Each structure stands twice: as C-alpha cells, then as structure tokens.
Amino acid sequence: MSDIALRLLNDAPILNYIVDECYGVQLKTNAALPALESQLKKNQTEIDNVMNAIKAGIITPTTKSTLEGLESEKESLALSIAREKIERPIISKEEIRFRICQYADLDLDDAERKQGFINFFVNSVYVYDDKLVA
C-alpha cells in the first residue's frame, strides 16, 4: 500500500492536485484570517475617507474622535491578524510540495522513515462500529 502512495507522489498532476488540496484545506479551516483582513481593508477605506474630509477642511471634534477610533481599531485588527498568523500559519504551496517530495524516494525498509511518512499524511483515525474516518 505504501509503495502505491509513493508512486503517486512521483506523478506530477497528482502531486499538483495534492498540493492544491492541502493548501485549500488550510484556507477553509482558518476562516477568521480572511474575515479579519477584510475588516482591516474596510477600516483603511474609512480612514482614507476621514482623511479626505480633513483635507477638504472638514475638521470637527467628531472628525478627530472618528479618526482616533478608526486608528485604534486598525491597531487591534493588525494585532489580531498577526496573532492568527502565528497560531495558525498558512504553509505555502512550495513548502507543502517540498515536504511531500521529501518522501518521494522513501526506503520502505526503513521503519522509522516509513512511520514518519504515515505520521505526515495521517493526522488521526477514528474507528466506529459502522465506519472509519481518517
């Protein structure tokens, strides 16, 4: 069974598919980061609008407090984005390909490397009475 998996890793279209799917799974499982980045973009647009109002001579206490609030929100969003990237880093397609290709020429007689191969591709396996989920 392992030798079939190794042969698949040497098939370029299949390898590309695996890399794309692995990358896509990361993005789907981390929905918070795109939402935060979208909020930051919206926040920046609002800051730009306030700055345009100031440049046009509309300077009021409300303008100042609005800008200060937006700047504070921007800092908070930037911090949240940084924290999210640290806690759930997105691995590039190139890094995924590199990690997978490390096993392309695996010696199946080396038990330790074979176990590393399995550990790399299988996170967990759940066995139920009527099904198996990996």
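**Note on the pocket, the core and N43**

1. The largest pocket of this predicted model has a volume of about 510 Å³, where a pocket is an open set of points on a 1 Å grid over the protein atoms alone, with protein on both sides within 12 Å along at least five of seven lines, tested with a 1.4 Å probe. Of the 13 residues that line this pocket (an atom within 4 Å of a point), I18, C22, V25, I96 and F120 are the closest to its centre. Two or more lining residues come from each of α2, α5 and α6 (111-121), and α2 gives the most, with seven residues.

2. The largest nonpolar core has nine residues, L6, L9, L15, V19, I96, I100, Y103, L106 and F117; such a core joins buried nonpolar residues through side-chain atoms within 4.5 Å. At least two of its residues come from each of α1 (2-9), α2 (12-29) and α5 (93-101). Y103 touches L6, L9, R113, G116, F117, F120 and F121 (heavy atoms within 4.5 Å), leaving aside residues up to four places away in sequence.

3. N43, found in helix α3 (residues 32-55), is buried, with a relative accessible area of 1%, the limit for buried being under 20% with a 1.4 Å probe. A polar atom of the N43 side chain lies 3.1 Å from the backbone oxygen of L70.

4. Residues are numbered from 1 along each chain as its sequence is written. Local features need pLDDT of at least 70 and side-chain atom pairs 80 or more, while totals for chains, interfaces and linings use all residues, and side-chain values use heavy atoms, without hydrogens and water.

Definitions and conventions:
Buried < 20%, exposed > 50% of the residue type's maximum accessible area, 1.4 Å probe, protein only. Helix = DSSP H or I, 4+ residues; strand = E, 2+ residues; numbered from the N terminus. Points joined across faces, edges and corners; volume = space filled by probe spheres on them. Polar contact = N/O pair within 3.5 Å; in protein donor to acceptor, adjacent residues only side chain to side chain.
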